[in-house]
Amino acid sequence: MQNEEEIISRVLNGDLNSFKLLVKQYERLVTCMVKRVIQHQEDEEDTCQEVFIKVYKNLSSFKFQSKLSTWIAQIAYSTALNHVRKFSGKKNLTSDIAEFENFHQITDNPESILLKKNTSEFIQNEIKKLPLQYRTVLTLYHLNELSYHEIEEITGMPEGTVKSYLFRARKLLKDKLKNYFK
Amino acid sequence: MENMDDEEIQRLIEQQLKGIQVSVNLENDKDTKLYRLLFTELSHDPSILKDSPLAQSVVHQIQMEQEKWEHFYYTLIIAAVAIFIGSLTYLALAMNNSNLLNIIGQFLISNKTVCLFIMVCFCLIQVLDKYLVKKNEQFS
């Protein structure tokens with residue numbers, strides 16, 4: 001793997017092939033994040049492209065104060081969040097959590113559970129139903145393997161909140177799995 | 001109480017996954033098995049494609065944008081040069097033959113409708129070229 005600083009300096013000198021390498025390197029990080037936050041297949045690709053174009057345009061302002069992955073994830077998170085705000089019209093996204101936790105018990109419909117082909121598909125479907133913040137921390141922690149501190153930097157949520165959301169999200173999913181196997 | 005148990009199980013599994021030795025044996029616990037399964041499933045998303053053309057399309061979009069700006073600067077330079085040449089010509093004419101300048105001015109004023117028509121046609125051709133001809137070229 002090439003040195004990040006070297007790749008960045010090449011990109012800043014106009015080398016688009018180096019930028020292509022950079023996109024490939026962080027494609028999974030951005031795709032996972034955008035996919036889990038937006039949950040609208042048609043907009044996912046456009047948003048991912050938007051994220052990388054923002055990265056390209058703002059790369060000169062990256063001063064290596066954090067890891068490049070954290071910086072890119074920050075851009076991906078804010079872009080995806082703006083997209084959700086724009087289309088859902090919700091300003092306060094934390095209200096999702098309260099709504100969800102009040103109603104998640106009764107949304108379990110046995111017919112929908114029967115329709116799931118396997119456990120993996122069942123879990124992925126249940127993740128989609130979680131509130132945005134839960135999906136975000138689960139994605140960053142488990143799929144992108146980022147630390148609590150990095151998640152705090154990306155999302156702006158305090159580390160304690162990240163841990164709490166992560167715990168509650170996993171517990172909710174575990175309860176769903178328990179029902180699934182009953 | 002249940003919360004505490006779940007918290008403890010999650011913490012222990014996390015430690016195990018990080019390679020930290022855990023003294024408590026949780027193997028036969030039902031919740032632990034569910035959590036283990038959950039942790040495994042959470043670490044992958046089968047719907048994320050490994051070979052997507054994202055990098056290619058991002059680079060293509062950047063190239064298109066760069067070309068658009070280059071074209072804009074090129075047009076700007078041409079316009080500046082044209083205005084400069086026009087101004088020089090006007091100055092030269094004004095200094096050498098002010099009568100000729102009056103004749104040209106009167107000709108333009110008396111045929112202003114024709115001049116305006118030519119200018120509108122020119123702009124229309126440019127717009128049609130940009131939005132129809134060049135757009136179609138991209139798809140062909």
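**Entry 1: chain A by itself**

I looked up burial in chain A of this predicted model. Of its 182 residues, 32% are buried. I then went through the secondary structure and found 10 helices and 0 strands in chain A. Written out in sequence order, the pattern is α-α-α-α-α-α-α-α-α-α.

Next I checked how far apart in sequence the contacting residues of chain A are. Taking contacts with a separation of 6 or more, I found that 67% join residues 24 or more positions apart.

**Entry 2: domains of chain A**

I looked up the domain assignment, which splits chain A into domain 1 (4-88) and domain 2 (95-181). Between them, I found 12 residues of domain 1 of chain A in contact with 11 residues of domain 2 of chain A. On the domain 1 side, α2 (16-38) and α4 (68-88) of chain A each give at least two residues. I sorted that side of domain 1 by class and got 7 nonpolar, 4 polar and 1 charged.

**Entry 3: chain A against chain B**

I moved on to the contact between the chains. I noted 29 residues from chain A and 23 residues from chain B. For chain B, I listed the elements that put two or more residues on the side touching chain A: α1 (2-17), α2 (30-42) and α3 (54-96). Of these, α3(B) gives the most, with 8 residues. By class, I found 12 nonpolar, 6 polar and 5 charged residues on this side of chain B.

**Entry 4: α10(A) and α2(B)**

I picked one helix pair across the contact: α10 (residues 159-181) of chain A and α2(B), whose axes come within 10 Å. How do the two axes cross? I read an angle of roughly 110°. Angles of 65 to 115 degrees count as roughly perpendicular, so I entered α10(A) and α2(B) as roughly perpendicular to each other. I also logged the handedness: α10(A) passes α2(B) in a right-handed crossing.

Which residues make this contact? From α10(A) I listed R170(A), L173(A), K174(A), L177(A) and K178(A). From α2(B) I listed D31(B), L34(B), Y35(B), L37(B) and L38(B). I classed the residues of this helix pair contact as 6 nonpolar and 4 charged, with no polar ones. I set this beside the chain B side as a whole, where I had 6 polar residues.

Definitions and conventions:
Residues are numbered from 1 along each chain as its sequence is written. Chains are lettered from A and ligands numbered from 1 in the order in which they are written. This is a predicted model: local features need pLDDT of at least 70, side-chain atom pairs count only at pLDDT 80 or more; totals for chains, interfaces and linings use all residues. Two residues are in contact if their C-beta atoms, placed from the backbone, lie within 7 Å. Helices (H or I, at least four residues) and strands (E, at least two) are DSSP runs, numbered from the N terminus. Ala, Val, Leu, Ile, Met, Phe, Trp, Tyr, Cys and Pro count as nonpolar, Asp, Glu, Lys and Arg as charged, and the others, Gly among them, as polar. Axes are lines fitted to C-alpha atoms, for helices over the stretch in contact, and angles run from 0 to 180 degrees between N-to-C directions. Angles under 35 degrees count as roughly parallel, over 145 as roughly antiparallel, 65 to 115 as roughly perpendicular and the rest as oblique. A crossing is left-handed if the near helix is turned anticlockwise from the far one by less than a right angle, and right-handed if clockwise. Domain bounds come from an automatic or database domain assignment. A residue is buried if 20 or more other C-beta atoms lie within 10 Å of its own, exposed if 12 or fewer, and partly exposed in between; C-beta atoms are placed from the backbone.
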